[in-house]
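I set out to record a few look-ups in this structure, entry by entry. The topics are a lysine, a helix pair and a group of aromatic rings.

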Amino acid sequence: MRVFTRYCYLALSLLLWSAQVHATLNIEIFGGGSKKIPVAIVPFSQEERLPQSITAIVSADLERTGLFKMVGTFGQTPHEPGDIVYADWQSRGASAIVIGSTHLLPDGRVDVRFRLMDVAKTSQITGFTGVVPSDQLRVAAHRIADIIYEALTGDMGVFSTRIAFVAKTGNKFALQIADSDGYNAHSIIEYSEPIISPAWSPDGSKIAYVSFENKKPVIYVQTLATRERKAVANFKGSNSAPAWSPNGDKLAVVLTLHGGSQIFLINADGSGLQRLAQSPGIDTEPNFSPDGRSIIFTSDRGGSPQIYRMAISGGNAGVAERLTFEGSYNVSPRFSPDGKSFTYIHRNGDRFNIALQGLANRQVQLLTDSKFDESPSFAPNGKMILYATEISGRGILSVVSSDGQTKQRLSSQTGDIREPSWGPLLKSQRNNHFIN
Amino acid sequence: MVLRASSFLVVALLLVSKPSIAGLFGDEKAREQIDLLQKQTQVMEARIAGMEELLKSNALIELYSQVEGFKIELGKLTGQIEVLTEENKLLRKQQKDFYLDLDNRLNQVESGGSRDSGNTSLGESDSSTALPSEIEMTAQTIDGSEREAYQTGYNLFREGDYLAAISHFEQFLKQYASSSLAPGAAYWIGNAHYALRNFQEAISAQQRVIDQYPKSAKAPDALLNIASSQLEIPDVSAAKKTLENLIQKYPNSEAAGKAKKRLTSLK
Amino acid sequence: MKKLLTVLIICLLSACASQNKQSAEVDDRAMAGGGSGSQDGAGAGGFGLSPLRDPNNILSQRSVYYDYDSYTIKSEYRELVLAHARYLRDNGDAKVLLQGNTDDRGSREYNLALGQKRANSVKNAMLLSGARDQQIEAVSLGEEKPRATGHGESAWAENRRTDILYQGEY
């Protein structure tokens with residue numbers, strides 16, 4: 001037993017060590033990292049008895065943001081504030097240290113305690129204790145990561161949010177929902193025909209998507225809690241690219257009622273069809289601005305697919321303004337949550353990469369350099385972008401920080417993964433039964 | 001197809017009902033009718049054949065692919081116009097920035113020791129910093145609306161909307177002809193022309209400042225601006241003359257100091 | 001009475017003659033256009049190999065291919081589209097489904113729209129050549145149903161196409 005425990009510690013510290021190597025690698029590749037916050041995360045006591053290591057999840061979450069540098073523990077494993085030799089941690093460059101403990105209760109639940117300590121001030125920044133069912137340890141870990149992230153950066157943590165994506169296995173297409181790190185994936189619907197373009201309702205209770213089950217694209221809205229689903233756009237021709245208005249009342253959709261692909265507005269229940277824009281070419285991939293007053297979309301009216309912005313009400317409604325001017329292929333635009341910038345796919349030579357562009361200064365920044373990047377989707381705090389890419393012919397999900405400094409694969413899923421969509425930040429996810 | 005079949009049907013019907021027709025109209029009438037029908041049938045045949053030819057030939061398809069070709073060309077042209085409009089917008093902004101930068105650099109060179117720290121930040125020219133004190137100095141004689149009107153024109157200039165600034169200051173001069181800010185308004189009209197690179201207009205506008213307000217503090221500045229315009233034309237000898245004239249007429253002005261520096265750099 | 005009959009016969013004959021003359025001209029023109037004007041007539045025939053399946057008949061060719069990010073029917077596919085349009089014109093009961101496809105690069109939604117544009121352009125060409133609107137449905141599969149998998153120009157080129165499927169084939 002002792003030997004086993006020691007192995008576990010070894011494995012954990014190896015894990016953390018390798019995580020640190022990874023972080024160093026990022027710094028070498030991108031030349032960034034000067035702003036990274038050095039944090040040491042000490043494996044919680046008795047964690048090895050749990051089915052799931054909490055601190056491994058916390059470390060991975062924080063690292064994915066590119067804002068933290070993981071400091072090795074070098075065999076020191078304090079679990080209580082009194083155990084911490086602050087001078088040692090200071091000499092290793094850690095400005096904060098995460099400690100904690102877990103206790104497996106007789107009823108199978110786990111008592112989790114954690115503290116975030118300020119190394120310089122030798123005092124506690126934040127912390128909590130809570131009792132969690134053993135199948136909710138991932139949820140608890142993401143919540144801890146959120147608390148650490150919020151305390152150290154002042155921004156909202158988004159680790160407790162969920163993501164949706166489409167997994168293709170053989171000839172089966174599954175619309176799946178998972179934690180923000182890609183784990184805990186489960187299908188909400190499966191078909192032998194393609195599913196594309198999942199979009200979360202702003203309250204996170206529904207997902208709109210396009211299914212080819214009727215041999216042509218039709219838009220469905222599915223309520224997650226009840227699994228009840230409804231075809232909200234099944235007009236003559238093709239129905240695709242659903243986008244929710246910020247208040248969840250309406251959907252912008254793309255229909256081919258009159259031949260070409262054009263953007264329409266419908267109520268969330270499918271009623272009240274209304275045309276939004278008219279162009280001689282393709283208009284598709286609408287996305288609402290956070291204030292709901294305008295949309296950005298892809299159009300080939302200028303001879304090549306480019307991104308345009310258009311007010312949907314008021315005097316300038318229907319007048320489109322072109323936003324992208326670099327290159328001959330810019331598609332899949334998504335507003336940042338603050339509405340000040342947008343991300344999209346830019347063809348760069350023979351590569352398709354994630355670009356970020358400010359609406360005020362029009363500066364374009366390429367965030368990735370792989371070959372086939374698709375479907376960018378902002379995290380609700382705007383600090384990360386989830387996207388689909390390819391490794392040796394297989395689709396995978398990846399996350400890039402909004403500054404392009406850190407990229408990390410979400411490697412948990414199996415099958416051919418595509419069409420990711422990052423879900424909203426919900427109040428319920430922020431409280432999940434913990435007592436601070 | 002259908003049309004042709006029906007015309008045959010009409011003829012066939014006529015054949016069947018011929019005796020009764022003959023009985024009613026007699027041979028002559030019937031022949032006339034038949035001739036008429038025959039002609040109509042021929043016309044129909046020709047029309048149908050024409051339509052079929054049109055369909056069988058590639059004419060419509062040719063036309064369609066031409067229209068598609070035009071649509072693609074139109075799309076490309078639309079795209080080019082979008083790009084050119086954007087580039088034009090950027091160039092205008094750049095021009096404005098360049099002007100402000102140039103103005104700033106010149107002012108730094110001219111003001112010598114006071115500001116030769118090498119700081120060439122964009123935008124803030126010393127003329128702008130001079131403005132509030134200028135208003136303060138003459139504050140007693142200026143009413144609120146007058147100052148506001150002047151400030152509006154000046155802001156237009158600062159924002160790079162030179163045409164609007166010119167018309168605004170012209171309006172100001174009409175409305176407040178005797179204002180103590182009038183020489184300033186006239187001076188900024190000249191300066192706006194200079195920014196638009198309309199150097200002849202700039203010169204005549206600044207000449208108005210010198211002619212109408214020779215004793216104003218703006219007069220030496222106006223002369224300096226004339227010299228700058230002449231240098232841009234370029235008419236270096238005229239510029240030298242203007243600078244010498246400025247030093248002679250307003251030896252104690254700040255502009256004269258600048259003029260001296262510029263003269264030495266011209267030699 | 002006799003006269004009348006003669007007139008009628010003359011009338012009929014002359015109509016035939018004028019028609020023959022017309023079609024001769026048509027054939028000439030079709031030849032000059034580099035074409036296959038003679039094959040369309042065969043469509044109506046009922047026995048033997050169906051013209052749609054006969055490998056020697058242009059109607060057995062069912063795919064129109066495109067350049068990257070393009071939806072225009074290249075000149076080498078015009079005869080193919082025309083032949084199917086004539087078949088539809090001469091067989092009023094026949095119906096086709098046009099499926100536009102794209103290669104898998106770039107946005108799935110944009111590709112869905114591009115596939116629609118490809119299918120629509122074939123449909124329009126067919127309508128202008130005598131087919132009727134009710135006979136043709138144009139849909140897009142975007143990049144979702146690739147015929148060739150993998151990356152590389154040969155797979156991409158194979159997937160940039162519109163397929164013509166007759167009723168019973170889809």
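**Entry 1: a lysine in chain C**

I looked up the accessibility of Lys123(C) and found 17% relative accessibility, so Lys123(C) counts as buried. The cut-off I applied is under 20% relative accessible area for a buried residue. I note that the model is a predicted one. Lys123(C) has its place in helix H3 of chain C, which covers residues 108-127. I then listed its contacts, leaving out residues up to four places away in sequence: Lys123(C) touches Leu98(C), Asp133(C), Ile136(C) and Ala138(C).

**Entry 2: two helices in chain A**

I next asked at what angle the axes of H2 and H4 of chain A cross. For helix H2 (residues 54-64) of chain A and helix H4 (residues 137-153) of chain A, I recorded axes that come within 8 Å and cross at roughly 45°. That angle makes H2(A) oblique to H4(A). I entered the crossing of H2(A) past H4(A) as right-handed.

I then took down the residues that meet. From H2(A) they are Ile54(A), Ile57(A), Val58(A), Asp61(A) and Leu62(A). On the H4(A) side I listed Leu137(A), Arg138(A), Ala141(A), His142(A), Ile144(A), Ala145(A), Ile148(A) and Tyr149(A). Sorted by class, the contact of H2(A) with H4(A) has 10 nonpolar, one polar and two charged residues.

**Entry 3: aromatic rings in chain B**

I looked up the aromatic pairs and found 23 over all chains. One of them joins Tyr154(B) and Phe157(B); this pair is stacked, at 6.5 Å centre to centre with 20° between the planes. Both residues lie in helix H5 (residues 144-158) of chain B, and because they are three residues apart there, about one helical turn separates them. I checked their accessibility: Tyr154(B) is buried at 3% relative accessibility, and Phe157(B) is buried at 5%.

Phe157(B) also pairs with Trp188(B), and I recorded this pair as tilted, with 4.9 Å centre to centre and 55° between the planes. Which parts does this pair tie together? Phe157(B) lies in helix H5 of chain B and Trp188(B) in helix H7 (residues 182-195) of chain B, so the pair links parts that are 31 residues apart in sequence. Trp188(B) is buried, with a relative accessible area of 2%.

Finally, I traced the cluster to which these rings belong. One aromatic cluster is formed by Tyr99(B), Tyr154(B), Phe157(B), Tyr162(B), Tyr187(B), Trp188(B), Tyr194(B) and Phe199(B).

Terms used
Residues numbered from 1 in each chain as written. Chains lettered and ligands numbered in written order. Predicted model: local features only at pLDDT ≥ 70, side-chain atom pairs only at ≥ 80, totals over all residues. Heavy atoms only, no water. Axes fitted to C-alpha atoms, helices over the stretch in contact; angles between N-to-C directions. Helix = DSSP H or I, 4+ residues; strand = E, 2+ residues; numbered from the N terminus. Parallel < 35°, antiparallel > 145°, perpendicular 65-115°, else oblique. Left-handed = near helix turned anticlockwise from the far one by under 90°. Contact = heavy atoms within 4.5 Å. Nonpolar A, V, L, I, M, F, W, Y, C, P; charged D, E, K, R; others polar. Phe/Tyr/Trp six-rings, centres within 6.5 Å; stacked < 30°, edge-to-face > 60°. Buried < 20%, exposed > 50% of the residue type's maximum accessible area, 1.4 Å probe, protein only.
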